[in-house]
Amino acid sequence: MIIHLIAAARPNFMKIAPLYHALKREDWAHPVIVHTGQHYDMNMSDSFFEDFSLPAPDIHLGVGSGTHAEQTGRVLMRYEGVLFEKRPDLVVVVGDVNSTMAATIAATKLGILVAHLEAGLRSFDRSMPEEINRLVTDALADILWTPSPDADENLIKEGIPQHRIQRVGNIMIDSLELMREKINAASMTNHLGLEPGKYGLVTLHRPSNVDDPEKLRSICDLLAKVGREIDLVFPVHPRTRKNLEKAGLAPVLEKASGVHCVEPMRYIPFMNLVFNGRFVITDSGGIQEETTYLGIPCMTLRPNTERPITIHQGTNRLCTLEDIEEKLRKALNGRAGEHRPPEFWDGRTAGRVVESIRSIDRTEIV
Ligand code: UD1
């Protein structure tokens, strides 16, 4: 069975890695990595292949940066060409980036089976490009592998037939468990001159936070203020870096005492900082999940989340610029409370996905 695994951007690489390795162990499966090239820097892409022991992609579409239509259009055209030639038996897309949606459209239009890993998540906020990608991908994909019961419910409400939906759990926890030993050994705090448990980690890259110069200035002011009380490590995403420079805000952070801006980090050192951090300030989806699994307070600078289970069952709190300091203080002063990772966030999701693929009966899906 020829199975294309579509990887495009930073959060995708760690999602396909456990699945690739699990499929590689099966004699009936031939996994093929397709890199669309949406992310292309060493730190945003290549390092993840090295760290997760993934081979170089079998197919590289080289789409690079661009507007949403440009990026989506290039993946559609280039991947369609690949599909004409290779005719895989199954295309697996992950997450919610532009390439996820584009690969799904290209494959379903050619009648090729598509499965979406991390299906059913909804922020109900259509101003987020990722929400549009999620809606289109889930409307078209044949098999929807979900991480949590809320995702199943969202799909049912959208009229997706139950037999297409399978709850398999959270693949990001597989990635974390796969790398746990190496993450523990990474001693990043020494390297940065920090004490374990005495710093916060910051990641911000969503257009809604970093594209508006005024909002970005307020965020810089907030970080400078928090940094006066506790060290902050901020690996700066390329989108954020570009916008900081455009708005002339880079010096505000450089001058802020206690704020350590660094390049985007590789998975292992980054997760070592998460493991040892006191808290996280973020707008990332994956980090809301990882902190929930690890029981670390997470301040999410967004009005909504497509991962509500991280709030109900986890350590995540939605914040605004106005209330984040108060919520942070409460989280740091409060008792950690009982911490219970959601069902199937157990490091065994890749195995469940492999079983699901093994049992595919094409006649039932259509
Ligand atoms: C994309 C995804 C988002 C995901 C994020 C993780 C979409 C719509 N968004 O957002 O869901 O959470 O990736 O990082 O698909 N750039 C580089 N080097 C790179 C990659 C990008 O310099 O390796 C620059 C690009 O030139 C671009 C900017 O970073 O200007 C943003 O990249 P883009 O892929 O458009 O979106 P992200 O913000 O990374």
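**Group meeting talk: a walk through a predicted model**

Let me begin in a loop, the one between helix H16, residues 324-333, and helix H17, residues 349-358, where we find Phe344. Phe344 has a positive phi of about 70°, although it is not a glycine. Most residues other than glycine have a negative phi. With a relative accessibility of 26%, Phe344 counts as partly exposed. Please keep in mind throughout that this is a predicted model.

A second residue to look at in this respect is Arg87, whose phi is near 40°, again a positive value in a residue other than glycine. Arg87 sits in the loop that joins helix H3, residues 68-86, to strand S4, residues 90-94, and its relative accessibility of 43% puts Arg87 in the partly exposed class.

Let me now step back to the whole chain. The protein chain contains 18 helices and 13 strands, and its C-alpha trace spans about 60 × 45 × 40 Å along the principal axes. For 366 residues, a compact globule would have a radius of gyration near 21 Å, and the 20 Å of the protein chain agrees with that. Buried residues make up 57% of the 366 residues. If we take the contacts with a separation of 6 or more, 70% of them are between residues 24 or more positions apart.

Next, a pair of helices. How do H1 and H2 pack against each other? Helix H1, residues 10-24, and helix H2, residues 42-51, pack at an angle of about 15°, and their axes are 8 Å apart. Since the angle is under 35 degrees, H1 counts as roughly parallel to H2. The crossing in which H1 passes H2 is right-handed. On the H1 side, the residues involved are Arg10, Phe13 and Met14, and they meet Met44, Ser45, Phe48 and Phe49 of H2. By class, the residues of this contact comprise five nonpolar, one polar and one charged.

Between strand S2, residues 30-35, and H2 there is a loop that holds Thr36. Is Thr36 buried or exposed? Thr36 is buried, because its relative accessibility is 1%. Setting aside residues up to four places away in sequence, Thr36 touches Ile6, Ala7, Ala8, Leu61, Gly62, Val63, Val75 and Ser99.

Moving along the chain, helix H6 covers residues 149-157, and its buried residues are Asp150, Ala151, Asp152, Asn154 and Leu155. What covers the buried residues of H6? The cover includes helix H5, residues 129-140, and helix H15, residues 309-312, together with two strands, S6 at 143-146 and S7 at 165-167. Just after H6 comes Gly159, which takes a positive phi of about 90°.

My last stop is Pro207, which is found in helix H9, residues 207-210. Its relative accessible area is 24%, so Pro207 is partly exposed. When neighbours within four places in sequence are left aside, Pro207 is in contact with Asp212 and Arg239. Pro207 and Arg239 are 32 residues apart along the chain, and yet 8.3 Å separates their C-alpha atoms.

To close, I would come back to the loops. Phe344 and Arg87 each combine a positive phi with partial exposure, whereas Thr36, in the loop between S2 and H2, is buried.

Conventions:
Residues are numbered from 1 along each chain as its sequence is written. This is a predicted model: local features need pLDDT of at least 70, side-chain atom pairs count only at pLDDT 80 or more; totals for chains, interfaces and linings use all residues. Side-chain values use heavy atoms; hydrogens and water are left out. Axes are lines fitted to C-alpha atoms, for helices over the stretch in contact, and angles run from 0 to 180 degrees between N-to-C directions. Helices (H or I, at least four residues) and strands (E, at least two) are DSSP runs, numbered from the N terminus. Angles under 35 degrees count as roughly parallel, over 145 as roughly antiparallel, 65 to 115 as roughly perpendicular and the rest as oblique. A crossing is left-handed if the near helix is turned anticlockwise from the far one by less than a right angle, and right-handed if clockwise. Contact means heavy atoms within 4.5 Å. Ala, Val, Leu, Ile, Met, Phe, Trp, Tyr, Cys and Pro count as nonpolar, Asp, Glu, Lys and Arg as charged, and the others, Gly among them, as polar. Buried means under 20% relative accessible area, exposed over 50%, partly exposed in between (1.4 Å probe, protein chains only). The radius of gyration is taken over C-alpha atoms; the globule rule is 2.2 Å times the number of residues to the power 0.38.
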